[in-house]
Structures are given as structure tokens and as C-alpha cells.
Amino acid sequence: MRAPYPLVMKRPQMVAAGSGDRMARMTSMAASAMVALYVSGIMLGAMVFFSGIVAPTVFTTLEPEPAALLIRRIFPRYYLVLILAGFVAAIAAAMAARWLPTLLFTLVAAGGLVARHGIMPAVNRARDAELAGGPFAGRRFQHLHRASMLLNVAQLIAAAIGFGLLA
């Protein structure tokens with residue numbers, strides 16, 4: 001025989017109107033922030049690894065000509081990683097309403113676009129002209145190479161700050 005009423009009374013829950021939507025939105029924002037953190041961490045790690053380990057090792061291990069050929073093959077892929085990771089991190093940070101990291105990651109990605117499609121081809125042309133004995137090509141190569149290095153340092157700093165703001 002069953003009792004007509006439950007033996008344990010459940011407490012009524014106090015739920016504000018729309019609080020389920022708010023919780024879902026907060027959970028989504030937290031997940032987006034985590035995606036931005038992970039992607040920016042991968043991007044930052046790739047930047048440090050390439051700039052601090054790969055490039056110096058290539059130039060100290062290989063002769064200049066094969067080293068230059070290898071670096072020319074790696075750089076487009078490196079910048080593509082920065083562009084994609086930067087934009088993914090920026091979108092995820094924007095979805096988490098983290099506006100400064102969004103701006104910083106967008107700048108990293110935009111810098112990758114500028115480097116990949118503007119500076120890098122100009123550096124390669126200047127280096128080829130220098131090797132062919134073109135007048136002033138060596139100076140142009142040095143200026144463009146310095147500009148690409150400064151851009152890479154600025155991107156590294158922006159990525160590190162964005163990552164730090166999310167951590």
C-alpha cells in the first residue's frame with residue numbers, strides 16, 4: 001500500500017525569471033574564454049619555439065644557402081598558424097566579452113597577414129637582389145628584415161599580454 005503523499009517533501013526552488021538563460025550564457029562565455037586561452041597559449045608557444053629555437057638552430061646548423069631555403073619554406077606556414085590561431089583566439093575572446101584580448105589577438109592575426117603577404121615577399125625579393133649583386137639591395141634587405149623581426153616581437157608581446165589577461 002502506497003502513501004498518498006511523498007514521504008520526503010521537496011523544497012520549492014526559488015528561480016528568478018530568465019536565470020537559466022543567464023547561467024547558460026555565463027557557461028558559454030566561460031567556455032569561450034577557455035578556448036581563447038588554449039588557442040592563444042598554443043599560438044604563443046609556437047611563436048616562442050620558432051623564434052627562440054627553430055630559426056637560430058637552422059642558421060647555426062646549416063650552411064647559409066640551405067638555411068635560407070628552409071626558412072623560406074617554414075615562414076609562410078608559421079605566419080598562417082599565427083593568422084588562424086590569432087583570429088580563432090580573437091573570436092573566442094569576443095564571445096567571452098574579453099575585449100582587450102580580442103583586440104590583441106586580432107592585431108597578432110593582422111600582423112601575420114601583413115608579414116605573410118607584404119613584408120616576407122619583399123624580404124625575399126631584396127635578398128635575391130642582394131645575392132644577384134643589386135645596388136642597395138643589401139641595405140633594403142636589412143631594413144625589411146629588421147621590420148619583420150620588430151613586427152614579430154610586437155606580435156609576441158601582444159599574444160603574451162592577451163594570454164596573461166585570460167589566464
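1. A contact here means heavy atoms within 4.5 Å. Among contacts in the protein chain between residues at least 6 apart in sequence, 70% join residues at least 24 apart. The model is a predicted one.

2. On secondary structure, the protein chain has four helices and zero strands. Taken in sequence order, the pattern reads α-α-α-α.

3. On burial and surface, 32% of the 167 residues of the protein chain count as buried. The exposed area of the protein chain is about 11,100 Å², and carbon and sulfur atoms account for 70% of that area.

4. One surface feature should be pointed out. A nonpolar patch is formed by Leu100, Leu103, Leu107, Val153, Ile157, Ile161 and Leu165. Together these residues have about 600 Å² of accessible area.

5. Which helices each supply at least two residues of the nonpolar patch? They are α3, spanning 99–131, and α4, spanning 137–166. Four residues of the patch come from α4, and this is the largest share.

6. Ile157 serves as an example from the patch. This residue lies in helix α4, and its relative accessible area is 48%. Ile157 is therefore classed as partly exposed, because that class lies between the limit for buried, under 20%, and the limit for exposed, over 50%. Membership of a patch requires over 30% relative accessible area, and Ile157, at 48%, is one of the residues that form the nonpolar patch.

Conventions: Residues numbered from 1 in each chain as written. Predicted model: local features only at pLDDT ≥ 70, side-chain atom pairs only at ≥ 80, totals over all residues. Heavy atoms only, no water. Patch = residues over 30% accessible without salt bridge, like charges linked within 9 Å, V, L, I, M, F, W, Y side chains within 5 Å. Areas by Shrake-Rupley, 256 points an atom, 1.4 Å probe, with all protein chains shown as cover. Salt bridge = Lys/Arg side-chain N within 4 Å of Asp/Glu carboxyl O. Buried < 20%, exposed > 50% of the residue type's maximum accessible area, 1.4 Å probe, protein only.
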